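Work through the exercises below with the sequence and the model open. Each task is followed by a solution in steps.

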Amino acid sequence: MALLEVRDLSVAFPGGSGRGSSSSKAVDGVSFDVEAGRVAGLVGESGSGKSVTSLAVMGLLPKTAQVSGTAVFDGRDLLSLPERDLEGVRGRDVAMVFQDPMTSLNPVVTVGTQITEVLRRHTGASRKAARDEAGELLARVGIPAPVRRLREYPHQLSGGMRQRAMIAIALACNPKLLIADEPTTALDVTIQAQVLELMGDLVRERGTAMLLITHDLGVVAGLCDTVTVMYSGRVVERAGRHELFARPRHRYTSGLLASVPRLDAPRGQRLQPIPGTPRDVIGWTDGCAFAPRCTAASGDCRVPDLPLEQDDDAPAAAGQHLLRCAHPVPTAHPEERSA
Ligand SMILES: Nc1ncnc2c1ncn2[C@@H]1O[C@H](COP(=O)(O)OP(=O)(O)O)[C@@H](O)[C@H]1O
Ligand code: SF4
Ligand SMILES: [Mg+2]
């Protein structure tokens with residue numbers, strides 16, 4: 001059993017989520033697992049429902065949101081847990097890192113105090129012991145001169161250092177699950193790679209489960225064990241990382257992949273962005289929501305509620321490869337593939 005098992009999660013906001021025609025659900029029947037010591041990636045363009053999914057799991061959506069489904073964490077359904085119990089889970093068993101650390105760090109409290117408070121709350125350590133451990137944590141996340149940094153306020157740190165401090169705070173409670181929503185989007189590319197590598201190391205060392213949310217398949221490529229691709233509130237494809245990158249089958253996934261810069265591409269070759277925007281959607285009940293942007297769309301795609309099914313063409317060794325597409329990207333013949 002996975003540490004977190006999300007099943008059939010749906011979220012609707014009164015008045016609709018502002019997306020296409022008949023669909024008013026921001027998240028629509030989403031299921032996925034996050035296992036201890038593994039990184040599960042949730043990918044999709046802006047507005048696909050990634051953040052709403054994670055906020056729903058943590059019980060952090062506005063009260064007006066209509067949430068259904070289950071999110072069983074360590075044997076308990078978080079979606080039906082009373083707020084008081086949920087508060088215990090947040091910050092102790094589950095920690096979160098968001099895109100903009102300035103919104104989560106307290107601007108008027110030093111970094112050191114913010115980390116030691118978390119440590120003392122979770123471990124009951126003395127002030128002195130917590131202070132020492134806070135310094136070690138900052139060093140662990142690659143912050144130089146950690147003892148001096150402990151006395152500084154968030155605005156005195158660079159963006160990259162602030163994000164590292166956020167990760168240190170998240171790790172201070174030694175969570176079972178770390179939810180990171182676009183954790184490196186605000187950072188420049190070099191720092192981004194360092195922070196991602198660090199998070200990957202920590203997850204594997206400590207056996208933490210991690211849900212990594214990003215719009216960037218490049219981020220997923222380096223870190224995730226499994227990748228779930230969302231479009232317009234629904235899962236459209238899921239596979240292990242190697243399988244997904246080797247054989248993207250959904251037309252949206254292959255479009256996303258084509259727009260990831262490749263180091264091995266000939267110089268000057270232009271990226272191919274997916275035509276249109278995520279706003280060009282139809283409701284899933286009218287057919288594939290991606291159809292208005294898909295070059296392979298046909299009448300078969302306009303059936304209600306296309307199912308998410310195992311890809312019959314996936315090699316057995318690849319394990320689960322789920323797909324919601326009437327005309328998947330063709331794969332090489334199985335014999336060619338094994339050659
Ligand atoms: N509090 C809210 N009230 C109404 N609609 C919302 C709210 N939060 C998010 N949405 C809508 O839900 C959809 C998914 O948003 P979100 O999960 O933030 O996307 P992502 O994180 O994938 O960029 C969007 O259409 C967004 O406008
Ligand atoms: S179901 Fe049809 S429209 Fe949707 S991605 Fe597949 S081929 Fe394109
Ligand atoms: Mg988001």
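**Exercise 1.** Find which backbone atoms lie close to an oxygen atom of ligand 1, taking V52, G49 and S48 in turn.

Solution. The model is a predicted one.
- Step 1: take V52, where a backbone N or O atom is 2.8 Å from an oxygen atom of ligand 1.
- Step 2: go to G49, which places a backbone N or O atom 3.0 Å from an oxygen atom of the ligand.
- Step 3: add S48, with a polar backbone atom 3.1 Å from an oxygen atom of ligand 1.
- Step 4: compare with a cut-off of 3.5 Å for a pair of N or O atoms. The distances of 2.8 Å for V52, 3.0 Å for G49 and 3.1 Å for S48 each meet this cut-off.

**Exercise 2.** Describe the shell around ligand 1 and state how much of the ligand is covered by protein.

Solution.
- Step 1: on its own, ligand 1 has 560 Å² of accessible area, and the protein covers 65% of it.
- Step 2: the ligand has 13 residues around it, of which G47, G49, K50, S51 and V52 come nearest.
- Step 3: by class, the shell holds four nonpolar, six polar and three charged residues.
- Step 4: by element, helix α1 (residues 50-57) gives the most, with three residues.

**Exercise 3.** Decide whether α1 is mostly covered or mostly open, and find what follows the helix.

Solution.
- Step 1: apply the limit for a buried residue, under 20% relative accessible area.
- Step 2: six of the eight residues of α1 are buried, so the helix is mostly covered.
- Step 3: the buried residues are K50, V52, T53, S54, A56 and V57. K50 and V52 are also among the residues that come nearest to ligand 1.
- Step 4: after α1 comes G59, with a positive phi near 70°.

**Exercise 4.** Characterise the site of ligand 2.

Solution.
- Step 1: ligand 2 takes up the space of the largest cavity.
- Step 2: there are 13 residues around the ligand, and C288, C294, C301, C325 and A326 come nearest.
- Step 3: the shell consists of 10 nonpolar residues, two polar and one charged. Cys counts as nonpolar in this division.

**Exercise 5.** Is A332 buried, partly exposed or exposed?

Solution.
- Step 1: locate A332 in the loop between β12 (321-323) and α12 (334-338).
- Step 2: its relative accessible area is 38%, so A332 is partly exposed.
- Step 3: for its surroundings, take D313, 19 residues apart from A332 in sequence and 9.3 Å apart in space, C-alpha to C-alpha.

Conventions
Residues numbered from 1 in each chain as written. Chains lettered and ligands numbered in written order. Predicted model: local features only at pLDDT ≥ 70, side-chain atom pairs only at ≥ 80, totals over all residues. Heavy atoms only, no water. Near = heavy atom within 4 Å. 1 Å grid on protein atoms, 1.4 Å probe; cavity = no way out; pocket = protein on both sides within 12 Å on 5 of 7 lines; lining within 4 Å. Sits in = over half its atoms within 2 Å of the grid points. Polar contact = N/O pair within 3.5 Å; in protein donor to acceptor, adjacent residues only side chain to side chain. Areas by Shrake-Rupley, 256 points an atom, 1.4 Å probe, with all protein chains shown as cover. Helix = DSSP H or I, 4+ residues; strand = E, 2+ residues; numbered from the N terminus. Buried < 20%, exposed > 50% of the residue type's maximum accessible area, 1.4 Å probe, protein only.
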